[in-house]
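Trainee: Please pick one strand and take me through it closely. I would like to see what it pairs with, what its side chains touch, and how the contacts around it connect.

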Amino acid sequence: QVQLVESGGGLVQAGASLRLSCAASGRTIRDFAMGWFRQAPEKEREFVASINWTGGVTRYTHSVKGRFTISKENAKNTIFLQMNSLKPEDSAVYYCAMRSTSGTSSYRVDEYDYWGQGTQVTVSA
């Protein structure tokens, strides 16, 4: 059974940094693409960042480009999202996701098959 567990969220002030972690179990992340998505209240779940199976190809949504960095550590079966210069509009529940049959990074919600329960990120002005 594949399980993804996010951690590292919290309440911070604008301009602060947070590093989110997603620990996977039940399947190695070495061969599959992973992604981070977020969902604010009353809004659709949206793409944030993705990373391919080698870790060499990453994608970001425009609003976080240059501020967020996605990475992976295969030995720990964990991916990370380093978030710098946080803004109030970054506030959301952040979800980790894994593709089940592909190592190619993707921005599409429908191309991910396993999801964590999310971790709350709140940025105050």
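**A close look at strand β4**

Mentor: Strand β4 and strand β5 (residues 46-51) run antiparallel, paired over 5 bridges. This is a predicted model, so read every value below as computed from it. The two strands make a hairpin, with 6 residues between them. In that turn, Glu42 has a positive phi of about 65°.

β4 has a second partner. Strand β9 (residues 92-98) also pairs with β4 in the antiparallel sense, over 6 bridges. So what does this mean for burial? Of the 6 residues of β4 (residues 34-39), 5 are buried, so the strand is largely enclosed by the rest of the structure.

Start with Phe37. In β5, Phe37 stands opposite Phe47. In β9, the bridge partner of Phe37 is Tyr95. Is Phe37 buried or exposed? Its relative accessible area is 0%, and the cut-off for buried is under 20%, so Phe37 counts as buried.

Now its ring. The structure holds 5 aromatic pairs. One of them joins Phe37 to Trp115. The centres of these two rings lie 5.0 Å apart, with 55° between the planes. That pair is tilted. Phe37 sits in β4 and Trp115 in strand β10 (residues 114-115), so the contact ties together parts 78 residues apart in sequence. Trp115 is partly exposed, at 27% relative accessibility.

The residue opposite Phe37 in β5 has an aromatic contact too. Phe47 pairs with Tyr107, ring centres 6.5 Å apart. Their planes meet at 70°, so this pair is edge-to-face. Phe47 belongs to β5, and Tyr107 to the loop between β9 and β10, so this pair links parts 60 residues apart in sequence. Phe47 counts as buried, at 12% relative accessibility. Step back and the rings group together: Phe37, Phe47, Tyr107, Tyr112 and Trp115 form one aromatic cluster.

A charge joins the scene here. Arg45 lies over the face of Trp115, at 5.0 Å from the ring centre. The charged end of Arg45 also sits over the ring of Tyr95, 3.7 Å from its centre. Recall that Tyr95 is the β9 bridge partner of Phe37.

Next along β4 comes Arg38. Which residue does Arg38 meet in a salt bridge? The partner is Glu46, with the closest N and O atoms 2.8 Å apart. The two ends differ in exposure. Glu46 is partly exposed, with a relative accessible area of 37%. Arg38 is buried, at 5%.

Follow the charges outward. Asp90 and Arg67 form a salt bridge, again with closest N and O atoms 2.8 Å apart. This pair connects distant parts of the chain, 23 residues apart. Asp90 lies in the loop between β8 (78-83) and β9, while Arg67 lies in the loop between β6 (58-60) and β7 (68-73). Both Asp90 and Arg67 are buried.

For contrast, take a charged pair elsewhere. Asp110 and Arg108 meet in a salt bridge, at 3.3 Å from N to O. Arg108 is partly exposed, with a relative accessible area of 38%. Asp110 is exposed, at 54%. Back at β4, Arg38, Glu46, Arg67 and Asp90 belong to one network, joined by salt bridges that share partners. In total, the whole structure has 7 salt bridges.

Finally, look at β9, the other neighbour. A search of the whole structure finds 1 disulfide. Cys22 and Cys96 form it, with their sulfur atoms 2.0 Å apart. The link is left-handed, at -75° about the S-S bond. Cys22 lies in strand β3 (residues 18-25) and Cys96 in β9, so the bond ties together parts 74 residues apart in sequence. Both cysteines are out of reach of the probe or almost so by the numbers: Cys22 is buried at 1% relative accessibility, and Cys96 is buried at 0%.

To recap, β4 pairs with β5 and with β9. Phe37 brings β4 into the aromatic cluster. Arg38 brings β4 into the salt-bridge network.

Terms used
Residues numbered from 1 in each chain as written. Predicted model: local features only at pLDDT ≥ 70, side-chain atom pairs only at ≥ 80, totals over all residues. Heavy atoms only, no water. Buried < 20%, exposed > 50% of the residue type's maximum accessible area, 1.4 Å probe, protein only. Helix = DSSP H or I, 4+ residues; strand = E, 2+ residues; numbered from the N terminus. Pairing = 2+ DSSP bridges. Salt bridge = Lys/Arg side-chain N within 4 Å of Asp/Glu carboxyl O. Disulfide = S-S within 2.5 Å. Phe/Tyr/Trp six-rings, centres within 6.5 Å; stacked < 30°, edge-to-face > 60°. Lys NZ or Arg CZ within 6 Å of the ring centre and 35° of its normal.
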